[in-house]
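Student: I am new to this structure. Please take one part of it and go through that part closely.

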Amino acid sequence: MNKTELRRHMRRQRRALNRRQRQQAAQQLLHSLRQSTHFQHSRHIAVYLTNDGEIDTSVFIRDLQRRGKTLYLPVLHPLRKGHLSFLPFNRQSRMVKNRFGISEPDFASHRAMPARFINLICMPLVAFDESGNRLGMGGGFYDRTLAFSRQPGNKPRLIGCAYELQKVGDLPAEDWDIPLAAIATDAGLHRFRQS
């Protein structure tokens, strides 16, 4: 399968899961993320809101809020095309829909946190392999936004979030792909090279 076919196949697979399977996977995802020392020691954490059948992060988000962690959501940058900003998120955040129909904090109402000062970023993905290669939706938003993490200095730890069924044999790694420290699934935490 080429990348387009693989994306279509995996998105169909995850959307086919029933409500009970999704709820169970969300609980198991939280358990997997709690195994990460990066999660345990992080104060500032960015996570996505679930969309298009992605593994549900709502249980994880509620847990972060109960623990008093500072939570951020990715937002399409209004001026830097193809880039993300990370805005604080809590129950009082004013939300708007972006051009993909995904809810995000209103850019005009919040001050962005530079990605290099976020401790942990939990990223969605469409497929992954045993080496930690990640196939996203194809827009390159995370890769462009996090390109600075290839250089020395402050950088967040990166963890992908997915269903275990999204694991495939091998994915081609592109030069611009940003490596992940781990991928958390409903079956456990897959650890990889340090990012």
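**Arg7 and the largest pocket**

Tutor: Arg7 touches Val126, Leu135, Gly136, Met137 and Gly138, leaving aside residues up to four places away in sequence. This is a predicted model, and Arg7 is a useful place to begin reading it. Arg7 belongs to helix α1, which covers residues 3–15. One of the residues that Arg7 touches, Met137, also takes part in a polar contact: the side chain of Arg7 reaches the backbone oxygen of Met137 at 3.4 Å.

What is the nearest side chain of opposite charge to Arg7? That side chain is Asp143, 8.0 Å away. A salt bridge needs a side-chain nitrogen of Lys or Arg within 4 Å of a carboxyl oxygen of Asp or Glu. Arg7 has no salt bridge, although Arg7 is buried.

Now to the largest pocket. The volume of the largest pocket is about 820 Å³. Its lining is made up of 37 residues, and those closest to the centre are Arg134, Met137, Gly139, Phe141 and Tyr142. Met137 is thus named twice: among the residues closest to the centre of the largest pocket, and as a residue that Arg7 touches.

The helix that holds Arg7, α1, gives the most to the lining of the largest pocket, with 4 residues. At least two lining residues each come from α1, β2 (70–76), β5 (103–105), β8 (134–135) and α5 (141–145).

Note on methods. Residues numbered from 1 in each chain as written. Predicted model: local features only at pLDDT ≥ 70, side-chain atom pairs only at ≥ 80, totals over all residues. Heavy atoms only, no water. Buried < 20%, exposed > 50% of the residue type's maximum accessible area, 1.4 Å probe, protein only. Lys, Arg positive; Asp, Glu negative; His and termini not counted. Polar contact = N/O pair within 3.5 Å; in protein donor to acceptor, adjacent residues only side chain to side chain. Contact = heavy atoms within 4.5 Å. 1 Å grid on protein atoms, 1.4 Å probe; cavity = no way out; pocket = protein on both sides within 12 Å on 5 of 7 lines; lining within 4 Å. Points joined across faces, edges and corners; volume = space filled by probe spheres on them.
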